[in-house]
Amino acid sequence: MESDPRSPDFFECKQCGDCCNGYGGTFITEKDVAAIAGFIGEDPRGFIEKYCTLSGGKPVLAQGSNGYCIFWDRLCLIHPVKPRMCREWPFIESVLTDIRNWKIMGRMCPGISTDVQDHALRSYLTKLLIERNESSP
């Protein structure tokens, strides 16, 4: 039986914040806006203007002057309600569509094991992609 790549054999979050640093943009949905705004006690109607920038017309969480997400301060300040992209890291769309990106991201994320066998990762990612597609509206 193969290991689940979410196990410490494949990925174990080190809470280093490296995934919260640098522009790439964490896109957020209306559901994310409502959850985060409620969690931090803000009005959802002004949340995007106050805490986001737009990328391609869609809201992304803003970055502070230090280059980190504005909700990062040595730990994620919105962890219980963090956006889907953050919850799914490192099993994000770019990895699901091309497993070579796993090794690329592994050079930036100390929690990603880069000695993962391609067939084990491909098998899991294929299953995950099918599950996500089946659960999408």
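Where is the place of Pro80 in the chain? Pro80 sits in the loop between strand 2 (58-61) and helix 3. The description below concerns a predicted model.

## Confidence and overall architecture

The chain has a mean pLDDT of 85, with 91% of its residues at 70 or more. Confidence varies among the elements: helix 1 (residues 30-40) has the highest mean pLDDT, 97, whereas helix 4 has the lowest, 74.

The secondary structure consists of 6 helices and 2 strands. Read from the N terminus, the order of the elements is α-α-β-β-α-α-α-α. The C-alpha trace spans about 50 × 35 × 25 Å along its principal axes. Of the 137 residues, 35% count as buried. When contacts between residues at least 6 apart in sequence are considered, 57% of them join residues at least 24 apart.

## Nonpolar cores

In soluble globular proteins, nonpolar side chains tend to be buried together. In this chain the largest nonpolar core has 17 residues. The members with the most contacts inside this core are Phe11, Phe91, Val95, Trp102, Ile112, Leu121 and Leu125. Two or more residues come from each of helix 4 (93-97), helix 5 (100-106) and helix 6 (118-135). Helix 6 provides the largest share, with 5 residues. Another core, of 14 residues, lies apart from the largest one, and Val33, Phe47, Cys52 and Trp72 are among its members.

Val95 illustrates the packing within the largest core. Leaving aside residues up to four places away in sequence, Val95 touches Pro90, Asn101, Trp102, Met105 and Leu125. Of these partners, Trp102 and Leu125 are listed with Val95 among the core residues that have the most contacts.

## Aromatic pairs

A pair of aromatic rings is described by the distance of the centres and the angle of the planes. The count for this model comes to 6 aromatic pairs. Phe11, Phe91 and Trp102 form one aromatic cluster, and these three residues also appear among those with the most contacts inside the largest nonpolar core.

## The largest pocket

Rolling a probe the size of a water molecule over the atoms shows where empty space is left. The largest pocket has a volume of about 1,000 Å³. It is lined by 42 residues, and those closest to its centre are Asp18, Cys19, Cys20, Cys86 and Trp89.

Helix 3 (84-88) and helix 6 each supply at least two residues of this lining. Helix 3 contributes the largest share, 4 residues. Helix 6 is thus part of the pocket lining and also part of the largest nonpolar core.

## Two contrasting positions: Thr26 and Pro80

Is Thr26 buried or exposed? Thr26 counts as buried because its relative accessibility is 17%, below the 20% cut-off for that class. Thr26 is placed in the segment before helix 1. Not counting residues up to four places away in sequence, Thr26 touches Pro59, Val60, Leu61, Pro83, Met85 and Cys86. One of these partners, Cys86, is among the residues closest to the centre of the largest pocket.

Pro80 is classed as exposed because its relative accessible area is 64%, over the 50% cut-off. As noted at the outset, Pro80 belongs to the loop between strand 2 and helix 3. How many residues apart in sequence are Pro80 and Lys103? Pro80 and Lys103 are 23 residues apart in sequence, and their C-alpha atoms lie 28 Å apart in space.

Conventions: Residues numbered from 1 in each chain as written. Predicted model: local features only at pLDDT ≥ 70, side-chain atom pairs only at ≥ 80, totals over all residues. Heavy atoms only, no water. Core = buried A, V, L, I, M, F, W, Y, C linked by side-chain atoms within 4.5 Å. Buried < 20%, exposed > 50% of the residue type's maximum accessible area, 1.4 Å probe, protein only. Contact = heavy atoms within 4.5 Å. pLDDT = per-residue confidence, 0-100. Phe/Tyr/Trp six-rings, centres within 6.5 Å; stacked < 30°, edge-to-face > 60°. 1 Å grid on protein atoms, 1.4 Å probe; cavity = no way out; pocket = protein on both sides within 12 Å on 5 of 7 lines; lining within 4 Å. Points joined across faces, edges and corners; volume = space filled by probe spheres on them.
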